[in-house]
Amino acid sequence: MDFNQINESLPIQPISHAEAVKRGIDLRILRLDQTHPEISGNKWFKLKYNLLEANKAGYTQLLTFGGAYSNHIHAVAGAAQLFGFQSIGIIRGEEHRELNPTLTYAKERGMILKYVDRESYRQKTDKLFIEKLEMEFGEFYLIPEGGTNKLAIKGAAEIVDFFTEEFDYYCLPVGTGGTIAGLITGLQNQGRIIGFSALKGSFLTKEVSELMETHSTDSFINWEINNDYHFGGYAKIKPELLEFIKEMESDHGLLLDPVYTGKMLFGVIDLIKKEIIPPGTKVLAIHTGGLQGRAGFGL
Ligand SMILES: *Cc1c(COP(=O)(O)O)cnc(C)c1O
């Protein structure tokens, strides 16, 4: 297992967006999407210590859960093949005769796909449901939906190793909260962290606090969750979001995905416009990857 095949340095790309330039803001983006061709973005960091642990404990199979377009499913399938594990993906919803690009990729990487209805899927953390899966597939190392656990947070804390200097603000998209929890831990109170929720509602502040309490001995208050840029909810889009994504591609050569990174950067630019992120500051956005999901939106 060689996790050092990851890029030792990742590009930090300056974004000279007019709204930032006008206010003397030094805006840049860390391209975690270029981490590895098979396991992009934050998922690499979240999987790293889980795979090392699975290997050490002698597991040959990984099992995890996700939706049909899930970046996590994509990453687990890619990582499993790269490091010699069998992988099993429990997919929410019905099987479609024609597989979408995410599931096609997963299958090509050898992932066994099992489809379960929404009601069964909800039991994904129940002991009995897991035992049934063990009877069906044999022993496996279980990675939770979205991949967030203690070892994922430990891995995500290493994202800070790619920061070449200190910034005033660090911005990233948030799903289950594992990545931001790692970042909070890794930054050790330096700078201010804004997590942009990809989900509707305002429960993530509590969930991230709980993750920090459960998995970290430190407590930090230099972070917040912004719930204003979900565009209607998880994987929901609006024309202005797609327009923004296309503009970032044509004007700045930056590819974004519509589920996470597009919403986050839209939010960053809007907070800069509103001067909630103050003029004259240094801002590092984190491109967490997810570009495999663009195809599902016709991008
Ligand atoms: C999974 C994912 C996230 C969310 O990460 P969490 O650790 O679940 O908060 C953000 N961005 C991208 C591109 C992702 O694939």
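**Aromatic cluster and ligand shell**

Ring pairs tie five residues into a cluster: Phe-196, Tyr-229, Phe-231, Phe-244 and Phe-266. The model is a predicted one, and a search through the whole of it turns up twelve aromatic pairs. Take Phe-231 and Phe-266: their ring centres sit 5.0 Å apart with the planes at 85°, and since planes over 60 degrees apart count as edge-to-face, that is the label this pair gets. Two numbers are enough here, because a pair of aromatic rings is described by the distance of the centres and the angle of the planes.

As for where these two rings come from, Phe-231 belongs to the loop between strand E9 (223–226) and helix H10 (239–252), while Phe-266 belongs to helix H11 (residues 261–273). The pair therefore ties together parts that are 35 residues apart in sequence. Phe-231 has a relative accessible area of 10%; that is under 20%, so this residue counts as buried.

Now to the ligand. There are 15 residues around the ligand, and the ones that come nearest are Lys-43, Lys-46, Thr-176, Thr-179 and Thr-288. By type, the shell splits into ten polar residues, three nonpolar and two charged. Both domains chip in: domain 1 (12–37 + 149–297) and domain 2 (42–147) each supply at least three residues to the shell.

Several side chains in the shell put a polar atom close to ligand oxygen. For Lys-43, an N or O atom of the side chain is 2.7 Å from an oxygen atom of the ligand. Lys-46 also has a polar side-chain atom 2.7 Å from a ligand oxygen, and for Asn-42 the corresponding distance is 3.0 Å. Taken alone, the ligand exposes 380 Å², and the protein buries 98% of that. Which elements give two or more residues to the shell around the ligand? They are helix H2 (42–56), strand E7 (169–174) and helix H8 (178–187). H2 gives the most, with three residues.

Asn-42 deserves a second look. This residue is placed in helix H2, and besides the ligand, its side chain has a protein partner: a polar contact of 3.0 Å joins the side chains of Asn-42 and Thr-179. Thr-179 is itself one of the residues that come nearest to the ligand. Is Asn-42 buried or exposed? With a relative accessible area of 9%, which is under 20%, Asn-42 is buried.

Conventions: Residues numbered from 1 in each chain as written. Predicted model: local features only at pLDDT ≥ 70, side-chain atom pairs only at ≥ 80, totals over all residues. Heavy atoms only, no water. Near = heavy atom within 4 Å. Polar contact = N/O pair within 3.5 Å; in protein donor to acceptor, adjacent residues only side chain to side chain. Areas by Shrake-Rupley, 256 points an atom, 1.4 Å probe, with all protein chains shown as cover. Helix = DSSP H or I, 4+ residues; strand = E, 2+ residues; numbered from the N terminus. Nonpolar A, V, L, I, M, F, W, Y, C, P; charged D, E, K, R; others polar. Domains from an automatic or database assignment. Phe/Tyr/Trp six-rings, centres within 6.5 Å; stacked < 30°, edge-to-face > 60°. Buried < 20%, exposed > 50% of the residue type's maximum accessible area, 1.4 Å probe, protein only.
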